[in-house]
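Please work through the exercises below with the sequence and the structure at hand. Each task is followed by a solution in steps.

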Amino acid sequence: MRSGRRDGTFSNASEPLKFLAPPTSNLSNLVASFVIKGLNTEDLVVLSGAHTIGRSHCSSFVSDRLNTPSDINGGLAAFLRGQCPADATPGGNDPTVMQDVVTPNKLDRQYYKNVLSHTVLFTSDAALMTSVETARMVVENAKIPGWWKDRFEKAMVKMAGIEVKTGHQGQIRKNCRAINHY
């Protein structure tokens, strides 16, 4: 990643949610949300691979993946029902679960294998199998060693170029996690 990038001088944890496609999104909504930011369908599929690490609140998937008919793997659904209350809501009883139960702490191509085996949490992840084009990309990322990693690096750099602050906008932080206080 390029260094010296300017960051905002105000942080609010809920602010990024306004710009992210919700986990309940279908493929056409996902593609549209990426195109608005200058990204394409391949970027969408490649950057979705980041779901191979991290945790998700149950409220992000219970209502549309567990409480209604979906293509989620029956074994995963049973496991998740044991972890997540059926009425999980943000701010309420809303535990978290790993997004990738196979290699939860490793940034790897396992996510795509999970998409193929219907062991993903979000509707937006499962949506990648709803078109011939994106399904082909999922298969390539799952099966060809190194394929996803190379594309992920390029897509991250491309994404870092979105809405870059220039001139007097923002600041170059001394610590990337904290706003500089002068």
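The exercises that follow concern a predicted model.

**Exercise 1. Determine which residues of helix α4 are buried, and how they are arranged about the helix axis.**

Solution.
1. Helix α4 comprises residues 74–83, and its buried residues are Leu76, Ala77 and Leu80.
2. Viewed down the axis of α4, these buried residues fall within an arc of 100°, so they line one face of the helix.
3. The general geometry agrees: an α-helix has 3.6 residues a turn, so residues three or four places apart point the same way.
4. On the other side of α4, the exposed residues are Gly74 and Gly82.
5. The cover over the buried residues of α4 includes α3 (62–66) and β2 (96–98).

**Exercise 2. Identify the residue that caps the N-terminal end of α4, and state the atoms involved.**

Solution.
1. The capping residue is Asn73.
2. A side-chain oxygen of Asn73 lies 2.8 Å from the backbone nitrogen of Gly75.

**Exercise 3. Examine the residues that UniProt lists under "binding site", and decide where they lie relative to one another.**

Solution.
1. The unreviewed UniProt entry lists Thr52, Asp100, Thr103 and Asp108 for this feature.
2. These residues span 57 residues in sequence, yet no two of their C-alpha atoms are more than 10.2 Å apart, so they gather at one spot.
3. Among them, Asp100 is included in the lining of the largest cavity.
4. Thr52 is placed in the loop between α2 (41–48) and β1 (55–57), while Asp100 occupies the loop between β2 and α5.
5. Buried means under 20% relative accessible area. With 0%, Thr52 is therefore buried; Asp100, at 1%, is likewise counted as buried.
6. Beyond its neighbours within four places in sequence, Thr52 has contacts that include Asp100, Thr103 and Asp108.
7. With residues up to four places away in sequence set aside, Asp100 touches His51, Thr52, Asp108, Gln110, Tyr111 and Asn114.
8. The side chains of Asp100 and Thr52 make a polar contact at 2.8 Å.

**Exercise 4. For His118 and Glu163, each with a positive phi, establish the location and classify the accessibility.**

Solution.
1. His118 is not a glycine, yet its phi is positive, at about 60°. It is located in the loop between α5 (110–116) and α6 (123–126).
2. The relative accessibility of His118 is 32%, so His118 counts as partly exposed.
3. Glu163, also not a glycine, has a positive phi of about 50°. Glu163 belongs to the segment after α8 (147–160).
4. Exposed means over 50%; at 59% relative accessibility, Glu163 therefore counts as exposed.

Definitions and conventions:
Residues are numbered from 1 along each chain as its sequence is written. This is a predicted model: local features need pLDDT of at least 70, side-chain atom pairs count only at pLDDT 80 or more; totals for chains, interfaces and linings use all residues. Side-chain values use heavy atoms; hydrogens and water are left out. Buried means under 20% relative accessible area, exposed over 50%, partly exposed in between (1.4 Å probe, protein chains only). Helices (H or I, at least four residues) and strands (E, at least two) are DSSP runs, numbered from the N terminus. The arc is that of the directions from the helix axis to the C-beta atoms. Contact means heavy atoms within 4.5 Å. A polar contact is a pair of N or O atoms within 3.5 Å; within protein, one must be able to donate a hydrogen and the other to accept it, and residues adjacent in sequence count only if both atoms are side-chain atoms. UniProt positions are given in the numbering used here, feature names are shortened, and annotations may be inferred rather than shown by experiment. On a 1 Å grid over the protein atoms alone, a cavity is a set of points where a 1.4 Å probe fits but cannot get out, and a pocket is an open set with protein on both sides within 12 Å along at least five of seven lines; lining residues have an atom within 4 Å of a point.
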